[in-house]
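Trainee: I would like to request a close look at a single part of this structure. Please describe the opening helix and its surroundings in one connected account.

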Amino acid sequence: MTGTAPPRASVRGALTLSLPPVFRLAALVALGAVVFRYSLAAQLCLAAGLTLMAMRRGTDSLVQIFRALRRIRWLLLSLAVIYLVIAPEPGPGGTHGFFPTWADFELAIRRAGVLVLLVAAVELMRQTTPPEEIAASIALLLSPLRWMGIDTARFSRRVALTLDAVPKTAEAVASAAGRAGIRGRNLAGWSEAAAVLIRDIEAGATHTAGSAHLPALPRPIPAEWFTIMALLGVIFGLLWV
């Protein structure tokens, strides 16, 4: 990794202590590994924690999380249909009742809750961490793979380019759709919007990523080590809730 480590604020703020990017990513990876085993009560506790973290950042953070969840609403509905109608839990004797039981509802909520919690956590990560810092954190976490000949820095730079390009591409598509007169869920005019987007690309009006730069990550201070250990303790401790 190249670059100069960003200067630290005075103890990262007197009353607020944020985690360095690599610790945020490590916590997200740990959460993704165990959230599937959480009980419904544990999921509710985690949801409350993520909500408080988003509220601490302001209303806009919550709005962006709800927008991200809105994009997967049909997937959540399909999970509910699968676990309540198509493949409910077998009852006593291995038979299935005509109506879903509470166990079916709980399983459907838990499965959908896993997706909701992961999307919310990833969105919070995206809000608090620039793409290049996420890529540098990935490179650091994957650094043990270098002895196998894997170029983790190259992979991380590609991740940074993708994270940087996706929102800009979405903005370009939305701009082209607006100029083509597409409003709301109207499907008419998308061929014209595609033509507008192609003209923008050919004219160089859209953003094209050149090269990704992996910044040097700040060295964690002792308080941050304590914070990440406490956070990981909560993540794994919720397995017993």
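Mentor: From the N terminus on, the elements of the protein chain run α-α-α-α-α-α-α-α-α. The secondary structure thus comprises 9 helices and 0 strands. The model is a predicted one. Of the 241 residues in the protein chain, buried residues make up 32%. Among contacts with a separation of 6 or more, 76% link residues 24 or more positions apart. Helix H1 covers residues 21-34, and its packing against H9 and H5 is considered in turn below.

The pairing with H9 comes first. The axes of H1 and H9 come within 10 Å, crossing at roughly 10 degrees. An angle under 35 degrees counts as roughly parallel, and H1 is therefore roughly parallel to H9. On the H1 side, the contact is formed by Phe23, Ala27, Ala30, Leu31 and Val34. On the H9 side, the partners are Glu224, Trp225, Ile228, Leu231, Leu232, Ile235 and Phe236. By class, the residues of this contact divide into 11 nonpolar, no polar and 1 charged.

Glu224 is the charged member of that list. Glu224 belongs to helix H9 and, at 0% relative accessibility, counts as buried. Its C-alpha atom is separated by 8.5 Å from that of Phe23, although the two residues are 201 residues apart along the chain.

Phe23 also takes part in an aromatic pair, and the structure holds 1 such pair. Its partner is Trp225, and the arrangement is edge-to-face, with 4.8 Å from centre to centre and 70 degrees between the planes. Because Phe23 lies in helix H1 and Trp225 in helix H9, the pair ties together parts that are 202 residues apart in sequence. The two partners differ in burial: Phe23 counts as buried at 8% relative accessibility, whereas Trp225, at 46%, counts as partly exposed.

The second partner of H1 is H5. Here the axes are 11 Å apart and the packing angle is about 175 degrees, so H1 and H5 are roughly antiparallel to each other. Pro21, Arg24, Leu25, Leu28, Leu31 and Gly32 in H1 meet a set in H5 made up of Leu118, Ala121, Val122, Met125 and Thr128. The residues of this contact divide into 8 nonpolar, 2 polar and 1 charged. Leu31 is named in the contact with H5 and also in the contact with H9.

Thr128, which lies in helix H5, counts as partly exposed at 31% relative accessibility. Leaving aside neighbours within four places in sequence, Thr128 is in contact with Arg24 and Arg57. Thr128 and Pro21 are 107 residues apart in sequence and 8.7 Å apart in space, C-alpha to C-alpha. Pro21 can also be related to Pro220: these two are 199 residues apart in sequence and 9.8 Å apart from C-alpha to C-alpha. Pro220 is found in the loop between helix H8 and H9 and, at 21% relative accessibility, counts as partly exposed.

Beyond H1, the chain enters the loop between H1 and H2, where Val35 has its place. Val35 counts as buried, at 0% relative accessibility. Apart from neighbours within four places in sequence, Val35 is in contact with Gln43, Leu46, Val114, Leu117 and Leu118. The C-alpha atoms of Val35 and Leu238 are separated by 8.8 Å, with their positions 203 residues apart along the chain. With the same neighbours left aside, Tyr38 is in contact with Leu31, Gln43, Leu46, Arg110, Ile235, Phe236, Leu238 and Leu239. Gln43 and Leu46 therefore appear among the contacts of Val35 and of Tyr38.

These residues lead to the interior. The largest nonpolar core has 41 residues, and those with the most contacts inside it are Leu31, Val35, Tyr38 and Leu46. Elements giving two or more residues to this core include H1, H2, H5 and H9. H5 gives the most, with 8 residues. In soluble globular proteins, nonpolar side chains tend to be buried together.

In summary, H1 runs roughly parallel to H9 and roughly antiparallel to H5. Leu31 in H1 meets residues of H9, meets residues of H5, and is one of the residues with the most contacts inside the largest nonpolar core.

Key:
Residues numbered from 1 in each chain as written. Predicted model: local features only at pLDDT ≥ 70, side-chain atom pairs only at ≥ 80, totals over all residues. Heavy atoms only, no water. Core = buried A, V, L, I, M, F, W, Y, C linked by side-chain atoms within 4.5 Å. Buried < 20%, exposed > 50% of the residue type's maximum accessible area, 1.4 Å probe, protein only. Helix = DSSP H or I, 4+ residues; strand = E, 2+ residues; numbered from the N terminus. Contact = heavy atoms within 4.5 Å. Axes fitted to C-alpha atoms, helices over the stretch in contact; angles between N-to-C directions. Parallel < 35°, antiparallel > 145°, perpendicular 65-115°, else oblique. Phe/Tyr/Trp six-rings, centres within 6.5 Å; stacked < 30°, edge-to-face > 60°.
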